[in-house]
Amino acid sequence: MTASPLCVACGVERHAIAIEPVTARYEIRSDECPKCKTVVRLVNARRAATGKRKLAETRGIGASKPTDWSEKEISQLIEMAGQKIPVREIAKLLGRHVGSVRRKAWPLGLIVDWMVH
Ligand SMILES: [Zn+2]
């Protein structure tokens, strides 16, 4: 999470008042000083959803969420896990990040020792 910038004049932390997506990868965040009410706008790289989202505005913006798994992908994952295919291979075959595969496999009870490699 990007820390809120301090207001140079007041020395207090600014509060994010708006986040506007610019592209799929970047967004502009507006931070307002609670004392002097000046606003600074910063371009930030957008983060993948990590659970803790302070601002609801950032939700649901942009292209399809890569975290959504189709039924087909889930069954492929289960099948490959059953064949003890290394998680890196599974990730490659599904076109996903290793972390994403692990996160999906965990609630399915597929996390076993091969998953750590
Ligand atoms: Zn200020």
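**Exercise 1. How many bridges join strand 2 to strand 3, and which way do the two run?**

Before the solution, some ground rules. This is a predicted model, where local features need pLDDT of at least 70 and side-chain atom pairs count only at pLDDT 80 or more, while totals for chains, interfaces and linings use all residues. Numbering starts from 1 along each chain as its sequence is written.

*Solution.*
- Step 1: find the elements. Helices (H or I, at least four residues) and strands (E, at least two) are DSSP runs, numbered from the N terminus. The protein chain has three of each, in the order β-β-β-α-α-α.
- Step 2: go to strand 2, residues 26-32. Seven bridges tie strand 2 to strand 3, and the two run antiparallel. To count as paired, two strands need at least two DSSP bridges between them.
- Step 3: pick out one of the partners. Glutamate 27 has asparagine 44 in strand 3 as its bridge partner.

**Exercise 2. Work out the order of the sheet and say which strands stand at the edges.**

*Solution.*
- Step 1: take the other pair. Strand 1 and strand 2 run antiparallel, joined by six bridges, and form a hairpin with four residues between them. Isoleucine 19, for instance, is the bridge partner of arginine 29 in strand 2.
- Step 2: put the pairs together. You get an open sheet of three strands, antiparallel, in the order 1-2-3.
- Step 3: read off the edges. Strand 1 and strand 3 each have a single partner strand, so one side of each is left without a neighbour in the sheet.
- Step 4: add the twist, which averages 25° from one strand to the next.

**Exercise 3. Describe how helix 2 and helix 3 pack.**

*Solution.*
- Step 1: choose the descriptors. Two packed helices are described by the angle between their axes and the distance between the axes.
- Step 2: fill them in. The axes of helix 2 and helix 3 come within 8 Å and cross at roughly 105°. Here axes are lines fitted to C-alpha atoms, for helices over the stretch in contact, with angles from 0 to 180 degrees between N-to-C directions.
- Step 3: classify. Helix 2 and helix 3 are therefore roughly perpendicular (the class for 65 to 115 degrees; under 35 is roughly parallel, over 145 roughly antiparallel, the rest oblique).
- Step 4: list the contact residues. Helix 2 brings Val87, Arg88, Ile90, Ala91 and Leu94, and helix 3 brings Val98, Val101 and Arg102. Contact means C-beta atoms, placed from the backbone, within 7 Å.

**Exercise 4. Which residues of helix 3 are buried, and are lysine 37 and lysine 84 buried or exposed?**

*Solution.*
- Step 1: set the cut-offs. Buried takes 20 or more other C-beta atoms within 10 Å of a residue's own, exposed takes 12 or fewer, and partly exposed is in between, with C-beta atoms placed from the backbone.
- Step 2: apply them to helix 3 (residues 98-105), where Val101, Lys104 and Ala105 are buried. Down the axis of helix 3 they fall within an arc of 95°, so they line one face; the arc is that of the directions from the helix axis to the C-beta atoms.
- Step 3: check lysine 37, in the loop between strand 2 and strand 3. With 8 neighbours, lysine 37 counts as exposed.
- Step 4: check lysine 84, in the loop between helix 1 and helix 2. Lysine 84 has 9 and is exposed.
- Step 5: look at phi. Neither lysine is a glycine, yet phi is positive, about 65° for lysine 37 and about 60° for lysine 84.

Technical notes:
Contact = placed C-beta atoms within 7 Å.
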